[in-house]
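Trainee: Could we go through this model together, taking the interior of the fold step by step?

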Amino acid sequence: MNKATFDEVTHEFLAAFMEKFLGAWEMRSGEEVAKLCTEDVVWIDPSVPTVLNGRDDVAQFVDSLFLGFPDARFEPEGGPAISRDGQTAFAPFRMTGTNSGPFESLGIAATGKAIAVRGVDTYRFRGGLIARYQIGRAHV
């Protein structure tokens, strides 16, 4: 995708979108998260061995994450930011949870261990939906 294919992001749009996005995660529903993505979304997450393409892949991943971490919580850490060109948004977060079920995307069984992960989500939008998502994480 070239630069022109992404929306210019405003602070007002981003604040409203992040409220919807976090709400979808709080619903623990892959389908609800996927609805906020374009049909051809590219989703890059280090906990998945391949790039996810499309809403179905995203929905399956989110559902898998909540199967593995049923008590997962996502909390913003500071406000979201927008790149100088206005086409990329960044949102720092903290995820906590306990791996009490299988995490299918990595093919691992439940460990019973608690995790705390900090990261920064990177978003590019098209038509008001996520067209490209990438996460950078560092364990804490």
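What follows is a conversation about the core, its aromatic rings, one helix and one loop residue of this predicted model.

Trainee: Which residues of the largest nonpolar core touch the most other members?
Mentor: The core is assembled from several elements, since α1 (11–26), α2 (30–34), β1 (37–44), α3 (55–68), β5 (89–98), β6 (114–126) and β7 (129–139) each supply at least two residues. Of its 35 residues, those that touch the most other members are Phe21, Trp25, Trp43, Leu65, Tyr123 and Ile130.

Trainee: How are the rings of Phe21 and Trp25 arranged, stacked or edge-to-face?
Mentor: Both residues lie in helix α1, four residues apart, which is about one turn of the helix, and both are buried. Their ring centres are 6.1 Å apart and their planes stand at 80°; because planes over 60 degrees apart count this way, the pair is edge-to-face.

Trainee: Which strands does the aromatic pair of Tyr123 and Tyr133 link?
Mentor: The rings of Tyr123 and Tyr133 are 5.5 Å from centre to centre with 65° between the planes, an edge-to-face pair, and both residues are buried. Ring pairs also place the two tyrosines in a cluster that includes Phe13, Phe17, Phe21, Trp25 and Trp43. The two residues are 10 apart in the chain, and the strands that their pair links are β6 and β7.

Trainee: What covers the buried residues of α3?
Mentor: The helix has 14 residues and reaches 20 Å from its first C-alpha to its last, close to the 20 Å expected. Its buried residues are Val58, Ala59, Phe61, Val62, Ser64, Leu65, Phe66 and Gly68. Leaving aside neighbours within four places in sequence, one of these, Leu65, is in contact with Trp25, Ala72, Phe74, Met95 and Phe103. For the buried residues of α3 taken together, the cover includes α1, α2, β1, β2 (52–53), β3 (73–76) and β5.

Trainee: Is Thr88 buried or exposed?
Mentor: Thr88 is found in the loop between β4 (81–82) and β5, where, not counting residues up to four places away in sequence, Thr88 touches Ala81, Ile82, Ser83, Thr122, Tyr123 and Arg124. Its relative accessible area is 6%, and because the cut-off is under 20%, Thr88 is buried.

Trainee: Which side chain makes a polar contact with the side chain of Thr88?
Mentor: Among the residues that Thr88 touches are Thr122, Tyr123 and Arg124. The polar contact between side chains, at 2.9 Å, is with Arg124.

Technical notes:
Residues are numbered from 1 along each chain as its sequence is written. This is a predicted model: local features need pLDDT of at least 70, side-chain atom pairs count only at pLDDT 80 or more; totals for chains, interfaces and linings use all residues. Side-chain values use heavy atoms; hydrogens and water are left out. A nonpolar core is a set of buried Ala, Val, Leu, Ile, Met, Phe, Trp, Tyr and Cys residues joined through side-chain atoms within 4.5 Å. Buried means under 20% relative accessible area, exposed over 50%, partly exposed in between (1.4 Å probe, protein chains only). Contact means heavy atoms within 4.5 Å. A polar contact is a pair of N or O atoms within 3.5 Å; within protein, one must be able to donate a hydrogen and the other to accept it, and residues adjacent in sequence count only if both atoms are side-chain atoms. Rings of Phe, Tyr and Trp (its six-membered ring) pair if their centres lie within 6.5 Å; planes under 30 degrees apart count as stacked, over 60 as edge-to-face and the rest as tilted. The expected span of a helix is 1.5 Å times one less than its number of residues.
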